[in-house]
Amino acid sequence: MISQVFILSSKGDHLIYKDFRGEAGCDAVNKFYEMVTTLTGDQPPVVMKHKELHYVHIRQGGLYWVATTKADSSPFTIIEFLNRLTALIKDYCGCLSEKSVRMNFALIYEVLDEVVDFGYIQTTSTDILKNFIQTEAVSAKPLSLFDLSNVGLFGADTQQNKVAPSVAATRPIMSSRGEQGGKNEIFVDVIERISVVIGANGVLMKADIEGEIRVKCYMPSCSEMRIGLNEEFSIGKSQLRGYGAAVRVDECSFHQAVRLDEFDTYRILKLCPSQGEQTVMQYQLCDDLPTAPPFRLFSSIERDTGGRLLIYLKLRCDLPPKRSVLHLNNNPALPLFSYSLFSSLSQELSSPDQSAELQPQNKAVHWEIPRFPGGAQLSALFKLEVPGLSSASLQEVGSISLSFELPKYTCTGLQIRFLRLSPIQPGASQRWVRYVTHSDSYTIRI
Amino acid sequence: MPYLGGEETVRELRRALSNPHIQTDHLRYRNTIHRVIRLPGLCEYVEQPLTAGLKDKAACVRRVAVLGWAKIHALLPNTEIDAAVVNELYGLLRDPDPVVMVNCLRALEEILEEEGGVAINKPIAHHLLNRLKECDVWGQSEVLSVLQRYRPRSEDELFDILSLLDPALLSHHVPIMAATLRLFLSLCSMLPAVCVSALERARGPLLAAAGSSSRELRYAALCHIQLLLRSEPGLMGEHYKRFYCGYAEPPYIKQSKIQVLVELVNDDNVAVVLDELKGYCTDVNTETSQAAINAIGSIGRSYDDRCLGILTGLLELKQEHITSAVLQTLRDLVWVSPQYGDAVCSALEKWEDQLQDTQGRGALLWLLGVYGDRLSGAPYILEDFIDGVRSEVSAEVKTELLTATLRVFLSRPAETQDMMGRLLQHCIEEELDMCVRDQALLYYRLLHCGIEDVRRVLQCGRRSDLSLGPLIGRPPEPISQWASIFNTLEPLMLGASSNGFQFGNGPELEKALNMLSFPCTRVWFLKTLCLFVVIFQAYVMCPVPRCSPESLQVALQLVNIQTLAFTAPNKLPWKMYLYTHSSHTLTPHSSTTPPNTLILAEVLQFTML
């Protein structure tokens with residue numbers, strides 16, 4: 001049971017405030033902000049309590065999303081509800097930001113009215129909500145010149161036209177009603193998060209992949225959709241299929257709306273997607289990666305005669321050159337020094353578009369590489385002047401963490417064979433399949 | 001504006017409610033009811049439309065009408081809701097729309113709150129169970145929590161229900177999984193083996209939640225995993241790698257992952273986990289690095305001396321917060337495992353730093369006091385402290401300094417006597433803090449009694465008594481201890497408070513015990529109590545059964561109350577000192593006391609046994 005729901009900006013401005021049960025006063029909002037800002041870093045801020053009122057909050061899009069409750073409710077339900085609420089509002093407003101919430105406050109109140117009644121969650125499904133929500137979203141994004149670049153000379157199709165612009169999936173699901181015809185689009189995203197720990201000797205100590213297939217549907221009414229996965233896809237250790245390189249995951253779970261009658265034999269998922277975004281399938285793979293981890297690092301740390309610390313790093317990308325030539329953002333946040341601040345940093349990088357800076361508050365060097373083609377190798381030499389450098393300090397250069405995004409690539413090798421809508425939609429419908437691998441935590445010890 | 005409740009609005013809404021056009025249009029009718037219910041003055045007008053709304057053709061109207069009755073009950077708590085309406089609501093539990101069904105449960109829960117909520121009998125329970133699949137995530141978790149009140153009549157029925165619910169334990173919707181597990185634990189409270197296998201089933205989804213992309217969900221899952229580990233330490237053993245900290249995770253998640261990792265250490269993975277923890281010791285966040293250092297220390301209690309190597313290695317980094325945390329950890333470690341004494345001494349041999357942190361200074365002084373005979377430099381470090389005692393602000397450091405000086409004096413009188421005199425003089429004559437002054441006076445009088453008495457109080461056997469194991473280690477708890485707080489907000493709040501006060505701080509306890517071995521008085525005991533964080537203090541009068549002290553002791557042990565000390569049986573008043581851990585289900589003040597509270601009690605008896 002939820003007493004109030006409110007949304008605050010990171011500066012504490014009240015963006016949305018809705019009281020469902022009239023149990024607690026609206027000073028709860030100020031009290032919450034007071035508590036959240038006085039927190040020291042060590043306290044877990046997810047649940048707080050003040051005078052019999054529990055505050056549960058999440059942070060999303062730079063905003064505080066807070067639910068208060070008097071009764072002792074399930075934390076999982078409230079946190080999941082807040083997560084779902086952010087997803088709903090993202091669907092309806094296109095993107096999540098302070099600006100879009102401000103501009104669409106009427107719509108958000110309308111959504112809240114339908115989703116929660118007297119503190120009880122009624123429904124969060126877009127299929128039901130679309131009958132009740134009348135307000136149209138105001139798009140918060142300004143006209144971008146980037147969009148114009150997709151239009152070729154005299155309106156001809158350019159090569160880029162075949163690739164959906166990256167902003168295509170960040171528009172409100174409702175706006176199609178206003179436009180003539182609207183765009184019947186459906187996006188199927190395979191998103192993987194990889195977390196890896198590589199020991200000092202180059203041995204893989206931990207490797208986890210958490211993946212999901214997400215469908216974002218802009219079609220007002222979508223009939224059955226069939227998603228075909230790799231036929232060699234297998235779940236668990238015992239079950240192996242086919243003779244080729246199997247695509248294996250440890251555990252796999254599906255959205256309850258997915259019908260699996262053809263899954264066992266043909267690896268086909270059948271579902272009727274509702275408008276907006278939903279996660280169709282989640283899977284995990286632990287320890288046993290089918291390919292080598294995408295990055296390798298060779299390092300050496302020395303002390304030169306002038307008392308400076310020399311860090312030589314060589315980073316190699318082990319992806320096949322064909323696959324990852326497109327764009328590859330790569331920004332390894334570099335060693336974690338836990339001793340006193342450095343006085344200066346000088347660097348030698350192997351190409352001009354890279355940059356490196358010293359971040360004294362994190363005690364780290366940040367090395368940013370905008371593009372990194374597969375199979376390539378980059379190196380960097382950092383010279384740090386550290387006051388009072390001793391031999392013990394050398395051991396203490398912490399681990400190296402990489403954060404990156406690999407587009408068009410999945411570490412498990414999961415692919416979508418086909419994507420069919422049946423019966424075929426009237427009018428032009430566009431289907432997009434996108435793959436991306438994010439680094440959840442990619443740590444290499446030195 | 002309908003929300004303002006002006007005359008105009010009231011008239012308009014009344015007109016709207018009686019308008020047949022509006023009554024036929026579901027959406028408009030629903031919205032009108034929505035608005036009217038917010039105005040207390042209009043309740044009398046709304047009852048009739050609500051009754052009609054319960055029978056409406058459109059499900060969306062019925063949903064609103066059902067909750068409308070709960071709202072009326074909340075607005076006018078004194079008026080009884082008509083029994084016919086309650087019956088109607090019970091009838092609507094069979095409504096084809098699942099949301100109406102769940103709303104009926106919610107409304108009845110509120111209306112019948114005084115009678116203990118909606119009555120769950122066998123037909124209702126089975127009806128709800130059978131329709132569970134139709135509800136969405138929110139409805140299912142609501143129904144599951146209501147079903148907790150139902151007690152199956154027979155074992156067969158119980159197992160039917162369990163096998164019906166079993167697939168939900170694997171649901172990837174965490175709220176459903178958690179609600180189902182809670183229901184399992186409450187249904188099978190008499191069948192521990194079933195509970196354990198339910199926990200094993202739910203392990204996969206819980207682990208997945210602990211790696212979810214929403215970090216708030218991750219934290220909630222981690223807190224609940226900590227609960228599970230209290231009874232089933234081996235449950236997650238082979239999945240320890242899932243609890244490695246990510247680089248970008250917020251400190252509170254890292255800290256609870258570290259706490260979980262400590263629980264998962266076993267013979268096979270201890271080396272790998274220590275290696276991982278070592279990496280966290282140099283974390284940018286000071287609390288995280290201290291948590292990692294503590295974790296290494298508590299692994300060291302039961303596992304090899306590699307821990308000590310890591311800890312002493314960290315001292316060389318010469319980072320204030322790391323050094324302080326390492327010293328505290330070493331203090332707690334050697335108190336439990338005296339065999340590490342030599343290694344600690346060799347690490348402290350070259351000590352030359354200045355520490356600012358109070359806790360760290362206290363720990364250093366304690367170590368100096370205990371190993372004063374083996375550390376050649378101990379008196380000289382103490383001398384620095386004594387010279388600076390005037391500018392010392394913390395009473396804790398001063399009492400620690402007094403004890404340490406006295407201890408070193410026992411082993412090396414020639415080097416220490418002069419500075420000890422200066423310290424005692426300062427503390428007795430100039431000190432403003434009563435605790436410090438009393439402590440100094442005590443030592444002064446104790447020295448008058450002769451060196452043997454001093455030795456008996458400060459050095460005798462209590463240095464590390466393994467029989468105090470129950471105070472430090474934690475035996476697995478029965479599942480029922482925490483089943484009642486599973487899937488509530490409490491575990492998340494516990495996570496917030498347990499960081500501050502960790503029980504099992506050996507030397508503090510030792511200090512208390514030292515006091516007890518001294519011919520003790522009431523005042524002494526109460527003063528010793530002040531060393532702990534006193535949360536609750538009370539005096540209780542009660543009759544003690546007439547029996548011998550020994551049989552009383554045995555009887556108390558049966559209910560988990562341990563005896564610290566008692567006076568000779570023929571003395572009056574006869575005294576006995578007891579301690580126990582609090583457990584959440586037993587203490588009435590469970591919401592205010594943190595977990596693992598130590599309860600100390602003094603029993604005084606004024607009549608002969």
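Biologist: Where is Lys254(B) found?
Modeller: In this predicted model, Lys254(B) sits in helix H14 of chain B, which covers residues 251-264.

Biologist: Is Lys254(B) buried or exposed?
Modeller: Lys254(B) counts as buried, because its relative accessibility is 10% and the cut-off for buried is under 20%.

Biologist: Which residues is Lys254(B) in contact with, leaving aside its neighbours within four places in sequence?
Modeller: Lys254(B) is then in contact with Cys245(B), Gly246(B), Tyr247(B), Glu249(B), Asp283(B) and Thr288(B).

Biologist: Zooming out, how many helices and strands are there in chain B?
Modeller: Chain B has 31 helices and three strands.

Biologist: And how much of chain B is buried?
Modeller: Of the 609 residues in chain B, 53% are buried.

Biologist: What about contacts between residues at least 6 apart in sequence in chain B, what share joins residues at least 24 apart?
Modeller: For chain B that share is 65%.

Biologist: New topic. How many disulfides does a search of the whole structure find?
Modeller: The search covers all chains and finds zero disulfides. A disulfide is a covalent bond between the sulfur atoms of two cysteines.

Biologist: Take Cys411(A), then. Why is there no bond to the closest cysteine sulfur?
Modeller: The closest cysteine sulfur belongs to Cys317(A), and it is 11 Å from the sulfur of Cys411(A), so the two are too far apart for a bond. The cut-off for a disulfide is 2.5 Å between the sulfur atoms. Cys411(A) counts as buried, at 5% relative accessibility.

Biologist: Which cysteine has the sulfur closest to that of Cys345(B)?
Modeller: That is Cys307(B), but its sulfur is 18 Å from the one in Cys345(B), which is too far for a bond. Cys345(B) is buried too, with a relative accessible area of 5%.

Biologist: Now the two chains together. How many residues does the contact take from each chain?
Modeller: Chain A provides 70 residues and chain B provides 66 residues.

Biologist: What area is buried between chain A and chain B?
Modeller: About 5,900 Å² is buried between them, and carbon and sulfur atoms give 58% of that area.

Biologist: How many salt bridges are there between chain A and chain B?
Modeller: There are four salt bridges between the two chains. One of them joins the side chains of Asp208(A) and Arg242(B), at 3.9 Å from N to O.

Biologist: And how many residue pairs are in polar contact between chain A and chain B?
Modeller: The count is 13 residue pairs in polar contact, taking pairs with both residues at pLDDT 80 or more.

Biologist: Which helix of chain A gives the most to the side that touches chain B?
Modeller: Helix H2 of chain A, residues 75-93, gives the most, with eight residues.

Biologist: What is that side of chain A made of, by class?
Modeller: The side of chain A that touches chain B has 25 nonpolar, 24 polar and 21 charged residues.

Biologist: Last topic, backbone angles. What is phi of Arg267(A)?
Modeller: Phi of Arg267(A) is near 60°, a positive value in a residue that is not glycine. Arg267(A) lies in the loop between helix H7 (263-266) and strand S14 (268-271) of chain A. Arg267(A) is buried, with a relative accessible area of 1%.

Biologist: And what is phi of Asn487(B)?
Modeller: Asn487(B) has a positive phi of about 60°, although it is not a glycine. The loop that holds Asn487(B) runs between helix H27 (480-483) and helix H28 (490-498) of chain B.

Biologist: Is Asn487(B) buried or exposed?
Modeller: Asn487(B) is buried, with a relative accessible area of 7%.

Terms used
Residues are numbered from 1 along each chain as its sequence is written. Chains are lettered from A and ligands numbered from 1 in the order in which they are written. Side-chain values use heavy atoms; hydrogens and water are left out. Buried means under 20% relative accessible area, exposed over 50%, partly exposed in between (1.4 Å probe, protein chains only). Contact means heavy atoms within 4.5 Å. Buried area is the accessible area (1.4 Å probe) that two parts lose on being put together, summed over both. A polar contact is a pair of N or O atoms within 3.5 Å; within protein, one must be able to donate a hydrogen and the other to accept it, and residues adjacent in sequence count only if both atoms are side-chain atoms. Helices (H or I, at least four residues) and strands (E, at least two) are DSSP runs, numbered from the N terminus. Ala, Val, Leu, Ile, Met, Phe, Trp, Tyr, Cys and Pro count as nonpolar, Asp, Glu, Lys and Arg as charged, and the others, Gly among them, as polar.
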